[in-house]
Amino acid sequence: MAQVTKDMLIGQLITEHQNAIPILMHAGMHCLGCPSAQAESLEEACMVHGIDADELVKEINAFIEVADA
């Protein structure tokens with residue numbers, strides 16, 4: 001499965017990797033269902049929430065790698 005990147009849209013991310021939703025929620029992104037969040041990149045959402053996008057991408061990709069194994 002494809003790796004998550006910072007420029008991936010939130011809508012695309014949660015469609016392709018539903019198992020990442022708890023990670024995003026734990027990071028403080030509780031607005032995943034918001035229409036504007038769906039068209040926002042992961043990097044943009046991280047900036048709004050004060051989250052390090054690179055670290056979150058690493059965490060999500062590590063989780064996906066284990067979950068898909």
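In this predicted model, Asn61 makes contact with Gln3 and Val4, once neighbours within four places in sequence are set aside. Asn61 belongs to helix α5 and, with a relative accessibility of 9%, counts as buried. The UniProt annotation "domain: DUF1858", taken from an unreviewed entry, spans residues 5-57. The points below treat that region, one helix pair and four further residues.

**The annotated region**

- Across residues 5-57, helix accounts for 57% of the chain and strand for 0%.
- The C-alpha atoms at the two ends of residues 5-57 are 6 Å apart.

**Packing of α4 and α5**

- Two packed helices are described by the angle between their axes and by the distance between those axes.
- Helix α4 covers residues 42-49 and helix α5 covers residues 53-67; their axes come within 9 Å and cross at roughly 120°.
- Because an angle from 65 to 115 degrees would count as roughly perpendicular and one over 145 as roughly antiparallel, the crossing at roughly 120° makes α4 oblique to α5.
- The crossing in which α4 passes α5 is right-handed.
- On the α4 side, the contact is formed by Leu42, Glu43 and Cys46; on the α5 side, Ala53, Leu56, Val57 and Ile60 take part.
- Sorted by class, the residues in this contact of α4 with α5 are six nonpolar, no polar and one charged.

**Lys6 and Ser41**

- Lys6 is located in the segment that precedes α1 (10-16).
- The relative accessibility of Lys6 is 27%, so Lys6 counts as partly exposed, given that this class lies between the 20% limit for buried and the 50% limit for exposed.
- Apart from neighbours within four places in sequence, Lys6 contacts Ser41, Leu42, Glu43, Ala53, Asp54 and Val57.
- Among these partners of Lys6, Leu42, Glu43, Ala53 and Val57 also belong to the contact between α4 and α5.
- Lys6 and Leu56 are 50 residues apart along the chain, and their C-alpha atoms are separated by 8.9 Å.
- Ser41 sits in the loop between α3 (35-38) and α4.
- Ser41 has a relative accessibility of 10% and therefore counts as buried, the limit for that class being under 20%.
- Residues up to four places away in sequence being excluded, Ser41 touches Lys6, Asp7, Met8, Leu9 and Ile10.

**Leu13 in α1**

- Leu13 is part of helix α1.
- The relative accessible area of Leu13 is 0%, so this residue is buried.
- Beyond neighbours within four places in sequence, the contacts of Leu13 are Val4, Met8, Gln18, Leu24, Leu42 and Ile60.
- Two of the partners of Leu13, namely Leu42 and Ile60, take part in the contact of α4 with α5.
- Val4, one of the contacts of Leu13, is also in contact with Asn61.
- Leu13 and Gln3 lie 10 residues apart along the chain, with 9.9 Å between their C-alpha atoms.

**His26 in α2**

- His26 is located in helix α2, which comprises residues 21-26.
- With a relative accessible area of 71%, His26 is exposed, because that class begins over 50%.
- Between the C-alpha atoms of His26 and Leu56, which are 30 residues apart along the chain, the separation is 11 Å.

Definitions and conventions:
Residues numbered from 1 in each chain as written. Predicted model: local features only at pLDDT ≥ 70, side-chain atom pairs only at ≥ 80, totals over all residues. Heavy atoms only, no water. UniProt positions renumbered as here; feature names shortened; annotations may be inferred. Helix = DSSP H or I, 4+ residues; strand = E, 2+ residues; numbered from the N terminus. Axes fitted to C-alpha atoms, helices over the stretch in contact; angles between N-to-C directions. Parallel < 35°, antiparallel > 145°, perpendicular 65-115°, else oblique. Left-handed = near helix turned anticlockwise from the far one by under 90°. Contact = heavy atoms within 4.5 Å. Nonpolar A, V, L, I, M, F, W, Y, C, P; charged D, E, K, R; others polar. Buried < 20%, exposed > 50% of the residue type's maximum accessible area, 1.4 Å probe, protein only.
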